[in-house]
Amino acid sequence: MAQPEGTLIYAMVARGTVVVAEHTSYTGNFRDIAAQCLHRLPAGNNRFTYTCDAHTFNFLAHEGYAYCVVATESAGRQIPLAFLEMIKEDFNKRYAGGKAATATANSLSRDFGPRLREQMQYCTDHPEEVSRLSKVKAQVSEVKGIMMENIEKVIDRGQQIDGLVSRTEQLHDQASDFRQQGTRVRRKMWLQNMKMKLIVLGIIIALILIIVLSICHGICK
């Protein structure tokens with residue numbers, strides 16, 4: 001079957017390297033090429049696009065699953081990638097935590113294949129709408145990223161303020177301890193000073209008494 005310009009021609013969902021669901025209305029070797037690309041995907045969550053024979057092989061890897069769509073090169077990249085995001089959301093809503101984790105090869109094609117076909121047709125028939133939706137989602141994602149970055153900065157700033165408050169409290173406690181120690185030292189020095197004054201006073205009084213007694217004793221003779 002001939003492939004019109006800007007067409008999505010094959011889509012599949014794989015767990016690891018096991019294709020659990022797929023759909024195509026065309027004939028060709030794109031299924032085999034997609035399988036080869038699937039085995040070569042780097043680990044981690046990311047997007048990848050390979051070009052072969054005027055077709056793009058677009059992949060979205062996320063949490064151990066790979067979502068793929070093959071498109072004619074004229075379809076560009078935005079529409080295929082928007083399709084992959086839509087398929088990822090649909091697949092996760094339908095199978096998250098369910099039978100997708102244990103599904104065997106192509107065991108979900110009968111159930112999820114029609115959904116792949118519908119979304120492929122929708123993206124092919126309404127490229128401008130899909131493109132606008134993709135741009136809006138990208139803007140929302142960017143704004144969300146900026147907000148998260150600002151929140152992290154606020155939290156970090158809050159932690160720094162907490163640190164300053166903590167250090168201020170420590171300095172205040174240290175100052176309070178210093179004042180208490182100063183008070184104790186001053187009280188101790190005052191007591192020592194008073195003790196010395198009392199001792200000196202006692203000596204003076206004793207000398208006066210000795211002098212008075214000596215005088216009285218001389219008079220009495």
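Okay, let's start with Glu-85, which is buried, at a relative accessible area of 18%. Keep in mind that we're looking at a predicted model here. The cut-off for calling a residue buried is under 20%, so Glu-85 makes it into that class.

So who does Glu-85 pair with? Its salt-bridge partner is Arg-47, and the closest N and O atoms of the two sit 2.4 Å apart. Arg-47 itself is partly exposed, with 43% relative accessible area. What I like about this pair is where the two ends come from. Arg-47 is in strand β3 and Glu-85 is in helix α2, so the bridge ties together parts that are 38 residues apart in sequence. And there's a third player: Lys-88 joins Arg-47 and Glu-85 in a network of salt bridges.

As a reminder, side chains of opposite charge can pair when their charged atoms come close. In this structure there are 6 salt bridges, and I'll show you two others.

Next one, then: Asp-111 with Arg-94, where the closest N and O atoms are 3.9 Å apart. The cut-off for a salt bridge is within 4 Å, so this pair does count. Here Asp-111 belongs to helix α3, residues 109-125, while Arg-94 belongs to helix α2, so the bridge ties together parts that are 17 residues apart in sequence. Asp-111 is partly exposed at 37%, and Arg-94 is partly exposed too, at 41% relative accessibility.

The other one is Arg-115 with Glu-118, at 3.2 Å from N to O. These two sit in helix α3, 3 residues apart, so about one helical turn separates them. For accessibility, Arg-115 comes out at 26%, which counts as partly exposed, and Glu-118 is partly exposed as well, with 43%.

Stay with Arg-115 for a second, because it leads us to a residue in helix α2, namely Asp-90. Is Asp-90 buried or exposed? Buried, with a relative accessible area of 16%. If you leave aside its neighbours within four places in sequence, Asp-90 is in contact with Phe-112, Arg-115 and Gln-119.

Now, on to the sheet. Please rotate your view so you can see the strands. There are 5 of them in an open sheet, in the order β2-β1-β5-β4-β3, and the pairing is antiparallel. Which strands are at the edges? That would be β2, residues 18-24, and β3, residues 46-52; each has a single partner strand, so one side of each is left without a neighbour in the sheet. On average, neighbouring strands are turned by 15 degrees against each other, direction ignored.

Let's zoom in on one pairing. Strand β1, residues 8-15, runs antiparallel to β5, residues 65-72, and 7 bridges join them. If you want a landmark, find Leu-8, which stands opposite Ala-71 in β5.

What packs on this sheet? Helix α1, residues 30-39, does, touching β1, β2, β3, β4 (that's 55-62) and β5, with its direction at about 40 degrees to that of β1. Then there's our helix α2 again, residues 78-95, which lies across β1, β2, β3, β4 and β5 and runs at about 145 degrees to β5.

Two residues to click on around β1. One is Ile-9, which lies in the strand itself and counts as buried, at 0% relative accessibility. Ile-9 and Arg-117 are 108 residues apart in sequence, yet 9.3 Å apart in space, C-alpha to C-alpha. The other is Thr-7, in the segment before β1. Thr-7 is buried, at 3%. Not counting residues up to four places away in sequence, Thr-7 touches Tyr-26, Val-70, Ala-71, Thr-72, Ala-75 and Thr-124. You'll recognise Ala-71 there as the residue opposite Leu-8.

Last stop is the surface. Where is there a nonpolar patch? Look at Met-196, Ile-199, Ile-203, Leu-207 and Ile-210: they form one on the surface, with about 490 Å² of accessible area together. Take Ile-210 from that group. Its place is in helix α4, residues 127-220, and at 51% relative accessibility Ile-210 counts as exposed. The cut-off for exposed is over 50%, so Ile-210 qualifies.

That's my tour, so back to you all.

Methods. Residues are numbered from 1 along each chain as its sequence is written. This is a predicted model: local features need pLDDT of at least 70, side-chain atom pairs count only at pLDDT 80 or more; totals for chains, interfaces and linings use all residues. Side-chain values use heavy atoms; hydrogens and water are left out. Two strands pair if DSSP finds at least two bridges between them. Helices (H or I, at least four residues) and strands (E, at least two) are DSSP runs, numbered from the N terminus. Axes are lines fitted to C-alpha atoms, for helices over the stretch in contact, and angles run from 0 to 180 degrees between N-to-C directions. Contact means heavy atoms within 4.5 Å. Patches are made of residues with over 30% relative accessible area and no salt bridge: like charges are joined within 9 Å, nonpolar side chains (Val, Leu, Ile, Met, Phe, Trp, Tyr) within 5 Å. Accessible areas come from the Shrake-Rupley method with a 1.4 Å probe; for residues, only the protein chains shown count as cover. A salt bridge is a side-chain nitrogen of Lys or Arg within 4 Å of a carboxyl oxygen of Asp or Glu. Buried means under 20% relative accessible area, exposed over 50%, partly exposed in between (1.4 Å probe, protein chains only).
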